[in-house]
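Student: Could you walk me through one part of this structure, the place where the two chains meet? I'd like a close look, from the side of one chain, and then a glance at what lies elsewhere in that chain.

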Amino acid sequence: MKKVYAYPKSLKRAPFHYCPGCGHSIVHRLVCEVIDEMNLQDKTIGIPPPGCSVFAYNYFDVDMAESAHGRGAAVATGAKRAFPDAIVFTYQGDGDLAAIGTAETIHAANRGEQITTIFVNNAVYGMTGGQMAPTTLVGQKTTTTPYGRDESLDGAPIKMSEILALVKGTVYIERVAVNSPDNIRKAKKAIRKAFQTQIYKLGFSMVEILSPCPTNWKMSPIESWQWVDREMTKVFPLGVIKDTTEKKDAD
Amino acid sequence: MKRIGMEGSLAIAEAAKAAHVDVVAAYPITPQTHIVEKLAELVATGELKADYIPVESEHSAMSACLGSCAVGARTFTATAGQGLELMHEVLYVASSMRLPIIMVVVNRSLSAPLSVWGDHSDVMAVRDCGWIQMFAENVQQAYDLTLCAFKIGEDHSVLFPVMVHVDGFHLSHVIEPYFVLNQEDIDGFIPPYRYPYALNPAKPVTLGAFGPPNVYTEAKKAQEVALLSTKKVILNTWTQFKKLSGRSYNPVEVYKTDDADVALMTMGSFSETAMLAIDSLRSQGLKVGLVRLRLWRPFPFDELRAAVSNLSTLIVFDRAISSGGPPGPVASEIRSALYPMKTRPKVVSFIGGLGGRDVTVQAFEKLIKKGIEKAKADQLTDYEMIEVRGQ
């Protein structure tokens, strides 16, 4: 009989602590499936962030080193430079990558570090209880913007994928979502390609994943899935933002 | 005076609101978040006429505070643990530029292992940064000392930033009853803010200019003299606050030390637990008392020496470790302060309550008894970390 479904080998059998409807558990599983399918478990090093996914090391059965808030790309740089055979990825939220850690991220990308960043964007600071993040949509209500984000005061949602696409060292950036079976499949394909980019030593790769946060959006899980489609993708359109991997192959 | 129950963080936000802050710049961090979240809400509803700047990191939060304070805005922020560490270099700039930024630090341990819970590691890492620093032991004190901080820091003979230390979770997240002062009384207590050296093109000033070797030493000496001389204003402010509220604050506070031979020394919220241990030991016939450090910077040398001069033994309880050095940072400072005295108590050092671990009344009792034994045996060169498993 053909086996069609299995628990990923690199995903520990620990119950997730995430809220019902949160996208993190899906993303964790996708990353682990890719690690298994590409046979990378024995050479993968992950850098988890402070934030909701602070306990990522409880789930990923790979080596992990917690970084200070926002410093994932810098820690990953050090690990990869000193251990070039390892497959190094950072796992970061928007409070981490798009706020406190923008400098590290941009400069690691600009140097074309051979690392992969999994960037989970839920448009809010999740772990601290739903404050405005740089990615919060204009008009979106959060605990620090109870009447909605005001663009004249707080700026517009920051588009990290588009910003990083301008940087020469990045070779593959795609924005995906985990709010439908179809999108989840596409997300996995993108994660796979990002790891492949690193294996081929082509440069910095990142997958931005729009991820529902029903708890802080004050929605049911189903409503939050719909909100990703209806509102988030208008500001953060899905698709390949940059892909120069072919060109790099030709070099 | 109205007495209401409120979460510590929210009471602190109420104090900042009552002080009419102009600018709050902050980044959320557990366990401090509720303070600035509440202030953001008050700004959004218009109850507080202020700018709330949700910056992208604590480094930027303190930098934005520096900017707003430099143009003469009454500036408030709050942070914790790692956030305080990320502010580190800017803290020195703020005190050296003599900018009276008011900050509540919700004390949290430092990574790694990653911990959001409380201890004093963050305080000890910034003890030399030139800010006035004081400790609250309960929600009432957190509210009171936040109000006092504005009056102290902004006094024209002071002009130093002030940190009010509040234990993470033990104070930030508990609901306690506290007396709220009338707005009218607070307005009378904290005068309208006028920073004398505000950036203003009509009256040019330069802040934090380049300091080559021929002036740097003098600048630092001047700053140190100024910081040490702030104690007069701190004492005056607390005296005035007592008239207003009936509650008195002192740089060093004592509990049942009059006839005591031995005293425990604590800082922050654990002091109240320690008081219960003192009561219990007294009922067992031991003449023990408690000495609490309220003012951490400028360090109250004279008050400390006076408070402990009749003791044979002082047992210092630290909630941080100075790795590789004299392990208890407070014990080390106490030893240094007492060394010049002709007669001084023996100092015994204990460390505990790290990373949010509770210290119970019973644990304090045990610690004090152990401290007495160690002093009798003249075992004073080491320290003991309490309740460590697996050793």
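Tutor: Sure! Keep in mind that this is a predicted model. Start with who takes part: 18 residues of chain B and 18 residues of chain A make up the contact. Together the two chains bury about 1400 Å², and 68% of that area sits on carbon and sulfur atoms. Now find Y27(B), E37(B) and L114(B), because no other three residues give more: they supply 32% of the area that chain B buries against chain A.

What about charges pairing up across the contact? There are zero salt bridges between chain B and chain A. Polar contacts do turn up, though: five residue pairs, with both partners at pLDDT 80 or more, are in polar contact between chain B and chain A.

Next, look at which elements of chain B face its partner. Helix α2 (33-44) and strand β3 (51-54) of chain B each bring at least two residues to the side that touches chain A. Of the elements there, α2(B) gives the most, with five residues. If you sort that side of chain B by class, you get ten nonpolar, four polar and four charged residues.

Now let's step over to another spot in chain B. A363(B) belongs to helix α13, which covers residues 361-376 of chain B. Is A363(B) buried or exposed? A363(B) has a relative accessible area of 7%, and the limit for buried is under 20%, so A363(B) counts as buried. To place A363(B) against a residue you have already met, go back to L114(B): the two are 249 residues apart along the chain, and their C-alpha atoms are separated by 25 Å.

Last stop, the cysteines. A disulfide is a covalent bond between the sulfur atoms of two cysteines. How many disulfides are there over all chains? The count is zero. Take C65(B), which is in no disulfide: its nearest cysteine sulfur belongs to C69(B), 8.0 Å away, while the cut-off for a disulfide is 2.5 Å. C65(B) is also buried, at 0% relative accessibility. C148(B) is in no disulfide either, and for C148(B) the nearest cysteine sulfur, again that of C69(B), is 18 Å away. With 0% relative accessibility, C148(B) is buried too.

So if you want one thing to trace on screen, begin with Y27(B), E37(B) and L114(B) at the contact with chain A, and then look along α2(B) for its five residues on that side.

Key: Residues are numbered from 1 along each chain as its sequence is written. Chains are lettered from A and ligands numbered from 1 in the order in which they are written. This is a predicted model: local features need pLDDT of at least 70, side-chain atom pairs count only at pLDDT 80 or more; totals for chains, interfaces and linings use all residues. Side-chain values use heavy atoms; hydrogens and water are left out. Contact means heavy atoms within 4.5 Å. Buried area is the accessible area (1.4 Å probe) that two parts lose on being put together, summed over both. A salt bridge is a side-chain nitrogen of Lys or Arg within 4 Å of a carboxyl oxygen of Asp or Glu. A polar contact is a pair of N or O atoms within 3.5 Å; within protein, one must be able to donate a hydrogen and the other to accept it, and residues adjacent in sequence count only if both atoms are side-chain atoms. Helices (H or I, at least four residues) and strands (E, at least two) are DSSP runs, numbered from the N terminus. Ala, Val, Leu, Ile, Met, Phe, Trp, Tyr, Cys and Pro count as nonpolar, Asp, Glu, Lys and Arg as charged, and the others, Gly among them, as polar. Buried means under 20% relative accessible area, exposed over 50%, partly exposed in between (1.4 Å probe, protein chains only).
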